[in-house]
Structures are given as structure tokens and as C-alpha cells.
Amino acid sequence: MQKLCKYRFYWYELDPALKVGEVTALSCIQDSNPLEIHSGFISGIPIVNVNCKILSIYHPELGYLEDIDTAGLEYCLTLTDGRKLKVEAEEEPGKVYSFPIQPKAWDFQVLIEKIEK
């Protein structure tokens, strides 16, 4: 079953990395609608683990992405055309370096296929 999820950055290496085609277990906020992928920043709320395959990652200003690497002080986003952009994740969260687009928000739509184990 395919499901559209909400994913937003909370910065400071708290966000899970995502890659199209990857089979993974995502922590999501229980009973959220649409299902929201959990960040390490949010605490004290019920969480459910969802086994899934990531089918697509979409940002309204950037378009479709291949992956989001959240390791380190700069997040690296790879678009489907191969272009990469670096995003500050600590001192000035959300600041983009050497890229023509500076997104206004960091909300993504992630299409997953749930896998029952």
C-alpha cells in the first residue's frame, strides 16, 4: 500500500536521511494525517515504526529529489537531475550555499510503499 508522508527539517542532525529506492524503517508520529516522519527534535508523542520502501521525495520549490543526506553540519540534497545543494543545518539552519534557489520552507512530500513483515 502506498502512502504520502509529510517530512520537514528540524535541523542539527536530528532528521533521518532518505533515499529513493531504499527499504527502511521510518519512525512516524502515530495517528498523524498525513503520516508525519518523526524528527529527533519532537519528544513526548506516540511514535510508530513503519517498514517501507521510499518511492519518491518531492519539494514544492526544488522538485523531485533522489536523496537527502542529513549527516554533518550541512545537509546535502541531490535532485533527480544530479545537481546537489548544501543546506546549513546548524548556525543558520536553512541557508543554501551556491544554488540558484533559496526555498522558503523545508517541507517535503515522501511517497512510501508500506511493507508488512
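Select Cys-5 to begin: this residue is buried, with a relative accessible area of 2%, where buried means under 20% relative accessible area, exposed over 50% and partly exposed in between, for a 1.4 Å probe and protein chains only. The model is predicted, so local features need pLDDT of at least 70 and side-chain atom pairs count only at pLDDT 80 or more, while totals for chains, interfaces and linings use all residues. Residues are numbered from 1 along each chain as its sequence is written, and side-chain values use heavy atoms, with hydrogens and water left out.

With Cys-5 still selected, show Cys-28, whose sulfur is the nearest cysteine sulfur at 5.3 Å; Cys-5 is in no disulfide, a term for a pair of cysteine sulfur atoms within 2.5 Å, and the structure holds 0 of them. Cys-76 is also buried, at 12%.

Next, colour the largest nonpolar core, that is, a set of buried Ala, Val, Leu, Ile, Met, Phe, Trp, Tyr and Cys residues joined through side-chain atoms within 4.5 Å. Of its 28 residues, Phe-9, Leu-77, Leu-85, Trp-106, Phe-108 and Val-110 touch the most other members. Strand E5 gives the most to this core, with 4 residues; strands (E) are DSSP runs of at least two residues, numbered from the N terminus.

Then pick Leu-77, whose contacts (heavy atoms within 4.5 Å) include Phe-9, Leu-85, Trp-106 and Phe-108, leaving aside residues up to four places away in sequence.

Finish at Ser-56 in strand E5 (residues 47–59), which is buried at 16% and, with residues up to four places away in sequence not counted, touches Val-20, Tyr-64, Gln-109, Val-110 and Leu-111.
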